[in-house]
Amino acid sequence: MRALTLWRNARLATLCGAEPWGWVEHGAVLTDGATIAWAGPQTDLPRDLLQVVDRDHDLGRALVTPGIVDCHTHLVYGGQRAREFELRLQGASYEEIARAGGGIRSTVAATRAASDESLFAAARRRALVLMAEGDTTVEIKSGYGLSLHDEGRCLGVARRLAAELPLTVRTSYLGAHALPPEFHGRPDDYITAVCEWMPQLQAAGLVDAVDAFCENIGFSPAQTRRVFETARSLGLPVKLHAEQLSDQGGAALAAGFEALSCDHLEHLNAQGIAAMRDAGTGAVLLPGAYYFLRETKLPPIAQLREHGVPIALATDHNPGSSPGLSLQLMINMACTLFRMTPEEAVRGVTQHAARALGLLERGTLAPGQRADFVVWDLEHPNELAYWFGHNPCRRVVFGGEERGQPQPPGKSVQ
Ligand code: DI6
Ligand code: FE
């Protein structure tokens with residue numbers, strides 16, 4: 001016998017339909033196991049479904065949104081780079097520090113030196129902070145191991161997080177993040193190795209997608225292409241750190257491989273935008289990295305909008321360019337720094353973020369969608385863009401079940 005759960009007396013931002021926000025002032029959601037069976041105005045609840053309601057929750061007029069999706073993080077790493085931040089404040093650039101052997105490579109050394117257990121414990125603390133703000137799905141990249149063994153360890157930590165926490169994790173293999181010291185002067189040989197490791201990591205069940213850093217201080221378009229060709233031959237979707245610090249034509253390259261998303265995009269050109277539109281590739285903007293690197297060149301939001309490219313937002317959590325762990329703050333920054341509207345920003349951390357991960361059954365409140373949603377101590381979703389620095393997340397439903405809100409970690413997130 002079917003047993004449904006009713007979540008009633010709520011204000012819903014369904015993010016579907018023609019209304020701004022998909023707004024329902026007096027709404028209810030019915031869940032059937034891990035799936036939404038029905039969502040809409042409470043007075044329209046179908047009687048036949050009401051008859052099989054087993055559990056009933058009164059949400060006291062609180063705001064409900066879809067579960068929050070962080071579609072770009074580097075959550076697994078050892079150490080931290082506060083000293084590098086000080087150097088940058090004194091005038092050193094991110095690129096200069098990277099070229100001098102600091103930057104990503106210093107985190108690679110710390111990650112390789114860390115035990116499996118300490119990598120897991122630190123990543124778990126970070127995941128708990130994200131979850132406390134209503135995150136139900138998080139993408140996690142490798143990219144600080146840069147050997148078969150260490151990339152596998154980092155991806156394994158990401159899989160273990162999903163096994164031990166009420167959280168969906170999607171993994172991306174970012175072997176092509178930086179050149180490890182043992183391949184100094186031999187970037188093409190390193191790309192050969194990255195491609196050779198890919199099927200092995202995939203066979204171990206560790207890879208959902210493949211990413212690369214196409215940049216002067218990362219890898220060239222030709223090298224990125226080799227990574228993508230290998231991914232395609234293995235049936236793995238791709239995404240790209242594209243046009244973050246310079247225009248490499250990376251977005252057009254990635255769109256040629258029907259990439260799920262291109263991320264960063266401050267230096268994106270018109271050809272790249274058209275290619276993304278034609279390929280159905282999403283944009284992922286990362287205001288935390290823009291802010292923390294004190295960038296001044298804005299991503300071309302108006303043109304992305306004009307071409308109908310869906311825009312997602314993410315934390316890009318990493319120790320070098322975005323050490324923050326608050327997607328709520330990213331919503332606010334997307335509005336203040338990027339001039340996105342509050343509705344665009346909230347869609348960017350739900351609907352469009354899910355799409356950027358290829359997860360079409362998440363990100364809105366509609367029948368057939370996975371029953372991930374957040375109950376907020378707020379009246380209207382525009383407040384998600386307005387408040388910053390405190391957390392109005394009250395309850396989280398994950399796969400139809402109320403998730404005990406995790407205790408904020410007592411220790412630092414390092
Ligand atoms: N771009 C970024 O912003 C991060 N990775 C990348 O390719 C930064 C990674 C780091 O500095 O550790
Ligand atoms: Fe990143």
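Is Glu-401 buried, partly exposed or exposed, and at what relative accessibility? I looked this up before anything else, and Glu-401 counts as partly exposed at 44% relative accessibility. I note here that I am working from a predicted model, and I word the entries below accordingly.

**Entry: the partner of Glu-401**

I went on to the side chain that Glu-401 meets, and found a salt bridge with Arg-55 in which the closest N and O atoms are 3.5 Å apart. Arg-55 belongs to strand β4 (residues 53-58) and Glu-401 to strand β16 (residues 401-403), so this pair ties together parts of the chain that are 346 residues apart in sequence. Arg-55 also counts as partly exposed, at 36% relative accessibility. I wrote down the total as well, which comes to 28 salt bridges in the structure.

**Entry: a salt bridge between two helices**

Which side chain does Asp-150 meet in a salt bridge? I found Arg-112, with an N to O distance of 3.9 Å. This pair links distant parts of the chain, since Asp-150 sits in helix α6 (residues 148-164) and Arg-112 in helix α4 (residues 104-113), 38 residues apart. I checked the accessibility of both partners: Asp-150 is buried, with a relative accessible area of 9%, whereas Arg-112 counts as partly exposed at 26%. I then followed the charged neighbours and found that Arg-112 and Asp-150 belong to a network of salt bridges that also links Asp-116, Arg-153 and Glu-182.

**Entry: a salt bridge within α6**

Staying with helix α6, I looked at Glu-164 and Arg-160, which form a salt bridge with 2.8 Å between the closest N and O atoms. Both residues lie in α6, four residues apart, which is about one turn of the helix. Glu-164 is partly exposed, with a relative accessible area of 46%, and Arg-160 counts as partly exposed too, at 29%.

**Entry: the buried face of α4**

I returned to helix α4 to see which of its residues are buried, and listed Ile-104, Thr-107, Val-108 and Thr-111. Seen down the axis of α4, the buried residues fall within an arc of 110°, so they line one face of the helix. I then asked what covers them, and the elements I found include α3 (94-99), α5 (116-132), α6 and β9 (209-214).

**Entry: the iron ion**

Which protein atoms are the donors of the iron ion (ligand 2)? I found NE2 of His-72, NE2 of His-74, NE2 of His-241 and an OD atom of Asp-316, lying 2.1 to 2.3 Å from the ion. Along the chain these donors follow the spacing H-x1-H-x166-H-x74-D. His-72 is in the loop between β6 (68-70) and α2 (82-89), and Asp-316 is in the loop between β13 (311-313) and α13 (327-336), so the pair ties together parts that are 244 residues apart in sequence. Both His-72 and Asp-316 are buried.

I also looked at the angles, because four donors count as tetrahedral only if all angles lie between 85 and 135 degrees. The four donor atoms around the iron ion (ligand 2) subtend angles of 83 to 169°, and I therefore record the arrangement as irregular. I keep in mind that water is not among the atoms, so sites may look incomplete.

**Entry: cysteines**

How many disulfides are there? The count comes to zero. Cys-214 is in no disulfide, and the nearest cysteine sulfur, that of Cys-262, is 9.8 Å away. Cys-214 counts as buried, at 0% relative accessibility. Cys-335 is likewise in no disulfide, with the nearest cysteine sulfur, that of Cys-71, 16 Å away. Cys-335 is buried, with a relative accessible area of 12%.

**Entry: backbone angles and one glycine**

I looked up two residues other than glycine that have a positive phi, and the value of Asn-9 is near 60°, while that of Leu-265 is near 70°. Asn-9 is found in strand β1 (residues 4-13) and counts as partly exposed at 23% relative accessibility. Leu-265 is found in the loop between β11 (261-264) and α10 (270-279), where I have it as buried, with a relative accessible area of 0%.

My last look-up was Gly-256, which lies in helix α9 (residues 250-256) and counts as exposed at 52% relative accessibility. Gly-256 and Arg-225 are 31 residues apart in sequence, and I have their C-alpha atoms at 9.7 Å from each other in space.

Notes: Residues are numbered from 1 along each chain as its sequence is written. Chains are lettered from A and ligands numbered from 1 in the order in which they are written. This is a predicted model: local features need pLDDT of at least 70, side-chain atom pairs count only at pLDDT 80 or more; totals for chains, interfaces and linings use all residues. Side-chain values use heavy atoms; hydrogens and water are left out. A salt bridge is a side-chain nitrogen of Lys or Arg within 4 Å of a carboxyl oxygen of Asp or Glu. Buried means under 20% relative accessible area, exposed over 50%, partly exposed in between (1.4 Å probe, protein chains only). A disulfide is a pair of cysteine sulfur atoms within 2.5 Å. Donors are N, O and S atoms within 2.8 Å of the metal (3.2 Å for Na, K and Ca); water is not among the atoms, so sites may look incomplete. Four donors count as tetrahedral if all angles lie between 85 and 135 degrees; four count as square planar and six as octahedral if opposite donors are over 155 degrees apart and all others between 65 and 115; anything else is irregular. The arc is that of the directions from the helix axis to the C-beta atoms. Contact means heavy atoms within 4.5 Å.
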